[in-house]
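Biologist: I've got a model open and could use a guided tour. Shall we go through it piece by piece?

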Amino acid sequence: RIEHVKRVFGRYRDRLADVQDYRLISIDESAGEIPLYVEILTPDRDRLVAYLSKRDIQTRSFYPDIDRAGYLTVDGDFPNARAFAEQGLILPCGPTQPLENVDRVLDALGEFTEVL
């Protein structure tokens, strides 16, 4: 399972390396990190989610940034947290995700980039 999630992550990493519209959140495999999720940042996340959904590709947005939670009182500005909350997207991945599905997602990401 670990080897498969590494292959899935590697497939996304290789194909998205030169695409400016998507920033893959990296992991440090040499330190033993395992890519359980494939996470990207993209400035047009909401339109991308809708585009992928029309192609029966399910994604999940990052959780809202915690400094904006109404039940917490937090002072300060947290632009990194805001960027992740507004642009973060988890792509289809995991130990049971077929590489053919990953390729279909990558093709759709490329098509979306061409539409922009």
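Modeller: Happy to, and keep in mind that this is a predicted model. Let's begin with helix α2, where Arg45, Leu48, Tyr51 and Leu52 are buried. Those four cover an arc of only 120 degrees around the axis, so they lie on the same side of α2.

Biologist: Which residues are exposed on the other side of α2?

Modeller: Exposed here means over 50% relative accessible area. Turn α2 around to its other side, and the exposed residues you find are Asp46 and Lys54.

Biologist: Back to the buried residues of α2: what do they pack against?

Modeller: Let's look at the helix as a whole before the contacts. Helix α2 spans residues 45-54 and lies across β2, β3 and β4, running at about 25 degrees to β4. Helix α3 (residues 79-87) packs on the sheet too, touching β2 and β4. The buried residues of α2 pack against β2, β3, α3, β4 and α4.

Biologist: In what order do the strands of that sheet come?

Modeller: There are four strands in an open sheet, and their pairing is antiparallel. β1 and β3 stand at the edges with a single partner strand each, so one side of each has no neighbour in the sheet. Read across, the order is β1-β2-β4-β3.

Biologist: How many bridges join β2 and β4?

Modeller: Take residues 38-41 for β2 and residues 88-91 for β4; they pair in the antiparallel sense. Leu41 stands opposite Gly88, and Glu39 stands opposite Ile90. In total, β2 and β4 pair over four bridges.

Biologist: And in β4, which residue is the bridge partner of Arg60?

Modeller: This one belongs to the pairing of β3 with β4, which is antiparallel and runs over two bridges. We've met the partner already, opposite Glu39. In β4, Arg60 has as its bridge partner Ile90.

Biologist: Which residues of β4 point the other way from Gly88 and Ile90?

Modeller: In a regular strand, side chains alternate between the two faces of the sheet. Here Gly88 and Ile90 share one direction, and every one of the four residues is buried. Pointing the other way are Leu89 and Leu91.

Biologist: Now the rings: how far apart are the centres for Tyr51 and Phe112?

Modeller: A search of the whole structure finds two aromatic pairs. In the pair of Tyr51 and Phe112, the planes are at 55 degrees, so the pair is tilted, and the centres are apart by 5.2 Å.

Biologist: How many residues apart are they along the chain?

Modeller: Tyr51 sits in helix α2 and Phe112 in helix α4, and both are buried. Their pair links distant parts of the chain, with a separation of 61 residues.

Biologist: Which residue has its charged end over the ring of Tyr51?

Modeller: Here we need a charged end that sits over the ring, and this one is 3.5 Å from its centre. It belongs to Arg55.

Biologist: Last one: which residue has a positive phi although it is not a glycine?

Modeller: Most residues other than glycine have a negative phi. Look in the loop between α2 and β3 for Asp56, which is exposed with a relative accessible area of 67%. The residue with a positive phi of about 60 degrees is Asp56.

Key
Residues numbered from 1 in each chain as written. Predicted model: local features only at pLDDT ≥ 70, side-chain atom pairs only at ≥ 80, totals over all residues. Heavy atoms only, no water. Pairing = 2+ DSSP bridges. Contact = heavy atoms within 4.5 Å. Axes fitted to C-alpha atoms, helices over the stretch in contact; angles between N-to-C directions. Buried < 20%, exposed > 50% of the residue type's maximum accessible area, 1.4 Å probe, protein only. Arc of directions from axis to C-beta. Phe/Tyr/Trp six-rings, centres within 6.5 Å; stacked < 30°, edge-to-face > 60°. Lys NZ or Arg CZ within 6 Å of the ring centre and 35° of its normal.
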